[in-house]
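Please open the model in your viewer and keep the selection tool at hand, since this tour moves from one selection to the next and says what is there at each stop.

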Amino acid sequence: MSGDQVMPRGLRGLRGPRPAAAEGRGQAERPGQGDGQGQAVPARPAPVRRWLADGTLALVVGALVVTTAAVDDGTTALDYALIVLSCAALACYRTAPRAVLAATTVLGTAHVVHAHPGPLAVLPVLGAVHTAARAGHRGLAAAASAVLLTGYAITQPGTQQTVERAALLTGWFLCAVVTGMADRHWRAYLRATEQRALEAERTREEAARRRAGEERLRIARELHDSLTHSISIVKLQAGVAVHLARKRGEEVPPALLAIQSASGEAMRELRATLRVLRTEDGELPGAPAQLVERARAAGLATALTVTGAERPLPPEVDKTVYRIVQEALTNAARHAGPATVDVRLDYGTDAVTVQVDDDGTADPARPPRPGIGLTGMRERTTALGGTLDAAPRPEGGFRVRARLPLEAAR
């Protein structure tokens with residue numbers, strides 16, 4: 001009987017919580033995901049929506065600047081071209097903030113020098129300065145601001161008007177650099193907060209697994225102390241009674257033989273339960289070859305055949321193969337009667353196949369009702385994306401055949 005079969009249902013939840021990655025949560029459901037360097041990054045919008053938002057921003061800024069330029073009678077076709085190009089460059093501020101800053105600065109300065117426009121003409125450069133500072137290029141942003149302000153100051157007519165507008169634009173560009181840096185620090189703070197939240201979640205999961213392991217060990221100790229001694233006494237007394245009856249030449253009562261057999265089976269199942277409780281999840285108490293040897297020692301004629309290139313399997317596949325062979329041999333010993341069991345393991349390139357056949361008393365006309373053992377085997381196989389066939393053979397006996405893909409397990 002496999003470990004999952006002998007362990008009471010109430011104890012199965014003590015293996016600890018499953019990792020969050022196995023609970024079907026996608027990347028879009030978390031506020032931030034790891035970037036491979038131990039730092040969480042915020043979820044990013046879809047590319048189409050991102051480009052639409054950037055294009056809308058460039059269009060709005062361009063509409064404002066073009067409308068302002070249209071009011072000025074001195075605006076020429078060259079000025080409109082410079083405005084359109086500088087505003088269109090803003091659509092790429094996410095992917096190339098430095099290139100956008102350079103393009104808007106050159107085009108904006110050329111427009112300022114040529115047309116002597118009002119303060120709103122610097123909006124494209126102002127937006128590029130803000131995005132460059134937010135991306136961490138505050139030095140370049142400050143330099144671009146200085147270039148545009150210098151060009152604006154030396155080409156504007158009128159001393160008082162030039163000073164007023166230059167002071168106004170200086171404040172605008174200073175605010176753009178400061179807000180860009182503040183936005184950068186805020187996003188870094190959010191990433192650090194998300195990382196701390198992920199770390200706290202991981203710590204909680206580890207603590208829960210540790211508590212579950214401690215609880216398993218406590219239950220194993222209680223079961224051992226409370227049941228093993230009593231069942232051992234029953235088995236010992238039954239064995240002594242059977243021995244004395246045979247020694248005196250008396251017929252051994254069937255009830256006494258049943259007690260001896262049941263106590264021995266109870267001891268084996270209890271030991272299997274204790275092994276499951278004391279074994280960490282994913283570890284196995286042996287290999288399929290050892291299961292075959294134990295079945296032979298118990299009187300079940302069993303043979304093992306291995307085909308293909310035998311190699312280490314992924315842990316989940318290895319555990320599933322072990323449990324399927326264990327459960328199939330247990331069922332054959334219980335239900336097949338005096339039978340021969342053939343265990344086959346086939347190591348393929350992309351899957352491993354385990355097949356257990358017996359020539360027992362199973363009848364194809366009366367298929368067995370699936371119990372906990374067969375249900376458990378099917379659940380384990382399905383969880384790995386494999387297939388399981390368990391049914392009587394046409395020539396008699398019973399067959400369990402499972403195919404477990406290796407790529408999905410990796």
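Begin by selecting Asp357, which is buried at a relative accessible area of 8%, where buried means under 20% relative accessible area, exposed means over 50%, and partly exposed lies in between, with a 1.4 Å probe and protein chains only. Before going further, note that this is a predicted model, in which local features need pLDDT of at least 70 and side-chain atom pairs count only at pLDDT 80 or more, while totals for chains, interfaces and linings use all residues. Residues are numbered from 1 along each chain as its sequence is written, and side-chain values use heavy atoms, with hydrogens and water left out.

**The salt bridges**

Now add Arg399 to the selection, and you will find that its side chain meets that of Asp357 in a salt bridge, at 2.8 Å from N to O. This pair links distant parts of the chain, with Arg399 in strand 7 (residues 398-405) and Asp357 in strand 5 (residues 351-358), 42 residues apart. Strands here are DSSP runs of E with at least two residues, helices are runs of H or I with at least four, and both are numbered from the N terminus. Unlike Asp357, which is buried, Arg399 counts as partly exposed, at 32% relative accessibility.

How many salt bridges does a search of the whole structure find? The search finds eight, a salt bridge being a side-chain nitrogen of Lys or Arg within 4 Å of a carboxyl oxygen of Asp or Glu.

For another of these pairs, select Arg248 and Glu250, whose closest N and O atoms are 3.2 Å apart. Arg248 counts as exposed at 54% relative accessibility, whereas Glu250, at 44%, counts as partly exposed.

**Helix 10**

Next, select residues 315-335, which form helix 10, a run of 21 residues that reaches 30 Å from its first C-alpha to its last, close to the 30 Å expected at 1.5 Å a residue. The expected span is 1.5 Å times one less than the number of residues in the helix.

Within this helix, pick out Glu316 and Lys319, which lie three residues apart, about one turn of the helix. An α-helix has 3.6 residues a turn, so residues three or four places apart point the same way. The side chains of Glu316 and Lys319 meet in a salt bridge, at 3.9 Å from N to O. Glu316 is partly exposed with a relative accessible area of 39%, while Lys319 is buried, at 9%. Just after helix 10, select Gly337, which takes a positive phi of about 75°.

**Helix 5 and its surroundings**

Move to residues 123-134, which make up helix 5, where 12 residues reach 17 Å from the first C-alpha to the last, close to the 16 Å expected at 1.5 Å a residue. Which residues of helix 5 are buried? They are Pro124, Val125, Leu126, Ala128, Val129, Thr131, Ala132 and Ala133. Helix 5 is followed by Gly136, whose phi is positive, near 100°.

From here, select Arg134 together with Met181, whose C-alpha atoms are separated by 5.1 Å although the two residues are 47 apart along the chain. Met181 lies in helix 7 and is partly exposed, with a relative accessible area of 25%.

**Two surface patches**

Staying with helix 7, select Leu190, which is partly exposed at a relative accessible area of 34%. Adding Trp186 and Tyr189 completes a nonpolar surface patch of about 320 Å², with accessible areas taken from the Shrake-Rupley method with a 1.4 Å probe and, for residues, only the protein chains shown counted as cover.

Further along, Lys235 is also found in helix 7 (residues 159-247), and Lys235 is partly exposed, with a relative accessible area of 37%. Select Lys235 with Arg271, Arg275 and Arg294 to see a patch of positive charge on the surface. Patches of both kinds are made of residues with over 30% relative accessible area and no salt bridge, like charges being joined within 9 Å and nonpolar side chains (Val, Leu, Ile, Met, Phe, Trp, Tyr) within 5 Å. Lys and Arg count as positive and Asp and Glu as negative, with His and the chain ends not counted, and the place of a charge is taken as NZ of Lys, CZ of Arg, CG of Asp or CD of Glu.

**Last stop**

Finally, select Pro253, which lies in the loop between helix 7 and helix 8 (254-278) and is partly exposed, with a relative accessible area of 40%.
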